[in-house]
Amino acid sequence: MASRAGPRAAGTDGSDFQHRERVASHYQMSVALKSEIRKLNIVHLLIWVLMAAQVTVSQLNLVSHKVVAAPYQWEYPYLLSIIPTVFSFLALPRNNISYLVISMISAGLFCVAPLIYGGMEMFPVAQQLYRHGKSYRFIFGFSAVSVMYLVIVIAVQVHGWQIYYSKKLLDQWFTTTQEKKKK
């Protein structure tokens with residue numbers, strides 16, 4: 001064996017690495033998927049904090065409604081979208097399949113469903129803005145419907161990728177579990 005300070009061991013040219021142990025591919029995939037899910041959870045957390053701040057500021061009348069518009073109805077149930085993220089964060093460290101399944105199911109219920117409802121709720125206002133160029137709700141000078149549609153587009157992508165990566169991770173965990181049962 002080579003030491004840090006000394007020469008390489010006699011009789012080796014560095015090509016004897018083929019026999020060494022490697023990390024199994026399903027473990028590598030699990031680590032990569034967990035990393036992606038954590039990143040998406042953090043982005044979702046950021047979206048959630050901004051949405052909660054808007055609802056809180058509006059409900060407590062901390063600023064004028066001309067600065068921050070009153071929340072749309074879909075924003076209140078969307079605040080429950082923190083639940084799937086919490087379960088996802090709890091599932092990842094110990095490979096807890098039950099928490100990951102709860103996270104995936106509740107993501108559809110508390111994340112995607114309010115976003116779909118929000119798109120339908122705001123459609124007439126967006127149509128009025130597009131046809132007549134008139135907007136009556138604003139968030140820091142921008143049309144509230146435009147800002148919220150941008151939030152919806154980003155959130156749908158984040159939640160879609162969260163569910164996709166969670167499903168792939170679940171498949172990896174099931175594969176590992178099935179291999180252990182065969183032995």
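Me: Rings of Phe, Tyr and Trp (its six-membered ring) pair if their centres lie within 6.5 Å. How many aromatic pairs does the structure hold?

Reply: Five aromatic pairs are found in the structure. This is a predicted model, in which local features need pLDDT of at least 70 and side-chain atom pairs count only at pLDDT 80 or more, while totals for chains, interfaces and linings use all residues. Residues are numbered from 1 along each chain as its sequence is written, and side-chain values use heavy atoms, with hydrogens and water left out.

Me: What makes the pair of phenylalanine 87 and tyrosine 99 edge-to-face?

Reply: Planes under 30 degrees apart count as stacked, over 60 as edge-to-face and the rest as tilted. The ring centres of phenylalanine 87 and tyrosine 99 are 5.4 Å apart and the planes stand at 65°, so the pair is edge-to-face. The two rings belong to distant parts of the chain, with phenylalanine 87 in helix H3 (residues 82–91) and tyrosine 99 in helix H4, twelve residues apart. Elsewhere, Trp161, Tyr164 and Tyr165 make up one aromatic cluster.

Me: Are phenylalanine 87 and tyrosine 99 buried or exposed?

Reply: Neither word applies. Buried means under 20% relative accessible area, exposed over 50%, and partly exposed in between (1.4 Å probe, protein chains only). Phenylalanine 87 has 23%, so it counts as partly exposed. Tyrosine 99, with 32%, is therefore partly exposed too.

Me: How do you know which helices and strands the protein chain has?

Reply: They are DSSP runs, numbered from the N terminus: helices are H or I over at least four residues, strands E over at least two. The protein chain has five helices and two strands, in the order α-α-α-α-β-β-α from the N terminus. Of its 183 residues, 31% are buried.

Me: What makes up the largest nonpolar core?

Reply: A nonpolar core is a set of buried Ala, Val, Leu, Ile, Met, Phe, Trp, Tyr and Cys residues joined through side-chain atoms within 4.5 Å. The largest one here has 26 residues, and Tyr72, Trp74, Tyr78, Met122, Met148 and Leu169 have the most contacts inside it. At least two residues of this core come from each of helix H1 (25–59), helix H4 (97–132) and helix H5 (144–182). H5 gives the most, ten residues.

Me: Which residues is methionine 122 in contact with, leaving aside its neighbours within four places in sequence?

Reply: With contact meaning heavy atoms within 4.5 Å, methionine 122 reaches Tyr72, Trp74, Val145, Met148, Tyr149 and Ile152. For the protein chain, counting contacts between residues at least 6 apart in sequence, 75% join residues at least 24 apart.

Me: Why does serine 143 count as buried?

Reply: Its relative accessibility is 12%, and the limit is under 20%, so serine 143 counts as buried. Serine 143 lies in strand E2 (residues 142–143). Not counting residues up to four places away in sequence, it touches Leu129, Ser135, Arg137 and Phe138.

Me: How do you know that the buried residues of H3 are on the same side?

Reply: The buried residues of H3 are Pro84, Thr85, Ser88 and Ala91. They cover an arc of only 125° around the axis, taken from the directions from the helix axis to the C-beta atoms, which means that they are on the same side of H3.

Me: What is notable about phi of asparagine 61 and of asparagine 95?

Reply: Most residues other than glycine have a negative phi. Phi of asparagine 61 is near 50°, a positive value, and that of asparagine 95 is near 55°, also positive. Asparagine 61 sits in the loop between H1 and helix H2 (75–78), and at 53% relative accessibility it counts as exposed. Asparagine 95 is in the loop between H3 and H4, and at 36% it is partly exposed.

Me: Which residues does UniProt list for "transmembrane region"?

Reply: The unreviewed UniProt entry lists residues 42–64, 76–92, 99–118 and 138–158; such annotations may be inferred rather than shown by experiment. In the model, residues 76–92 are 76% helix and 0% strand, with the end C-alpha atoms 27 Å apart. Residues 99–118 are 100% helix and 0% strand, and their end C-alpha atoms are 27 Å apart.
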